[in-house]
Amino acid sequence: MALTHDPAGGDTLAIGVDVGGTKVVAGLVDVSGAVLTQVRRDTPGRTTEASVVEEVIVDAVSETRAAAARDHPGRLVLGVGLGAAGFVSADRRTVVFAPHLAWRDEPIRDRLAQRLGLPVVLDNDANAAAWAEYRFGAGRGEPRLLLVTLGTGIGGALVLDGRVERGRHGLAGEFGHMQVVPDGERCECGNRGCWEQYSSGRAMQREAREMLEQDSPYAAGLAGYCGGDPAKVEGHHVTQAARHGDVAALELIGDVGRWLGVGLANLVAALDPGRIVVGGGVSEAGDLLLEPARDMFARRLTGRGHRPLAPIVAAELGPAAGMVGAADLLRTGSGPDSVSAGPADGEGDGLADGARTGQ
Ligand SMILES: [Zn+2]
């Protein structure tokens, strides 16, 4: 990932913003995907007015631009890529619905472009993360790439022929809500038995809590990591305990991994990607999660024995993926067939093509 200084703009910078359920992170990203500066703010909750979220983003971007002007004078800031945790409209101007924010049909792209005086591109946060892994991370060189992120729930995205596949209405990649258990656990989406109810941080937490609430001697080791209080147990406690060889914790992560393998076998049956990248907080468990996933995947995949098994690998970019990907989507427009040709796509908003820093 060497820095380039080619005359075609290798010296330019882009600002990536990841608007998640708990925090807004903005960063200054160069052409190689390196993050030069980043700032973070808490995300206002969904009971807060929509305009407050916009203020937080404008504030984070302003601070990032100021850092660019101070630390990298003379380098062109091309614009802002925004990755948002929510449904983004097919024309990528509007966040239609964001479960963790007050945004409902929020025309955030144009509003931010006007306020910032910079080109802005908008995408779903999982699309941005998949793009980052494809360009700079564990998906490099694989133009048919599946990304699945295991956080509180499951996020996902697909890169097809070297561009993000967004679906007809911008809503592709909601893999977490595929039903894997008829009449199973109730999901936030209103349905029952969704994949993310079995393979996510929330699933691991629920199972750990249940084990602790039963006061099972089997869970004695795990109890030590959360002060013995079932209400306080979190996914990272389970990961920590498993790393120290706790049998119950290993079993809990193994279950999440096996359910991961089941869902991936379904996705691969439909999509036949060349590689699967697994990211999100739960993936920090590494092979404790991925080995059971690979085993179950190999047992459930249709045509097994007569087809290559797509490698299941850990994401490389960590929590920065959404921000890095959003910045690069601004720079590249997501590949040759993108509906948006990039920052200056001539849609008549009269914006300057970026802003030279330090002027
Ligand atoms: Zn669901």
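Is serine 200 buried or exposed? Select serine 200 in this predicted model and count the neighbours: 27 other C-beta atoms lie within 10 Å, so serine 200 is buried, the cut-off being 20 or more.

**Stop 1: around serine 200**

Show the backbone on either side. Serine 200 sits in the loop that runs between strand E11 (163–164) and helix H4 (201–213). Next, select its contacts beyond four places in sequence: Leu150, Gly151, Thr152, Gly153, Ile154 and Val282. For a distance check, pick the C-alpha atoms of serine 200 and alanine 241; these two residues are 41 residues apart along the chain, and the separation is 17 Å.

**Stop 2: the two domains**

Colour the chain by its domain assignment. Domain 1 covers 13–132 + 322–346, and domain 2 covers 141–315. Taken over C-alpha atoms, the centres of domain 1 and domain 2 are 27 Å apart. The contact between them involves 15 residues from domain 1 and 17 residues from domain 2.

Now keep the domain 1 side of that contact on screen. Strand E5 and helix H3 (125–136) each contribute at least two residues to the side that touches domain 2. H3 gives the largest share of that side, with five residues. Coloured by class, the domain 1 side shows eight nonpolar, five polar and two charged residues.

**Stop 3: the sheet that holds E5**

Select E5 again, this time with its sheet. The sheet is open and has three strands in the order E5-E6-E7, paired antiparallel. Strand E5 (87–88) and strand E7 (104–106) are at the edges; each has a single partner strand, so one side of each has no neighbour in the sheet. Two bridges join E5 to strand E6 (residues 95–97) in the antiparallel sense. To find one of the paired positions, select valine 88, whose bridge partner in E6 is valine 95.

**Stop 4: the largest nonpolar core**

Which residues touch the most other members of the largest nonpolar core? Select Val17, Ala130 and Leu222, out of the 103 residues that make up this core. Then add helix H7 (residues 247–271), which provides the largest share of the core, ten residues. Restore the domain colours: domain 1 (13–132 + 322–346) and domain 2 (141–315) both give residues to the core, so the core lies between them.

Finish on alanine 130. Leaving out residues up to four places away in sequence, alanine 130 touches Leu145, Leu147, Ala157, Val159, Val164 and Gly325.

Terms used:
Residues are numbered from 1 along each chain as its sequence is written. This is a predicted model: local features need pLDDT of at least 70, side-chain atom pairs count only at pLDDT 80 or more; totals for chains, interfaces and linings use all residues. Two strands pair if DSSP finds at least two bridges between them. Helices (H or I, at least four residues) and strands (E, at least two) are DSSP runs, numbered from the N terminus. A residue is buried if 20 or more other C-beta atoms lie within 10 Å of its own, exposed if 12 or fewer, and partly exposed in between; C-beta atoms are placed from the backbone. Two residues are in contact if their C-beta atoms, placed from the backbone, lie within 7 Å. Domain bounds come from an automatic or database domain assignment. Ala, Val, Leu, Ile, Met, Phe, Trp, Tyr, Cys and Pro count as nonpolar, Asp, Glu, Lys and Arg as charged, and the others, Gly among them, as polar. A nonpolar core is a set of buried Ala, Val, Leu, Ile, Met, Phe, Trp, Tyr and Cys residues joined through C-beta atoms within 7 Å.
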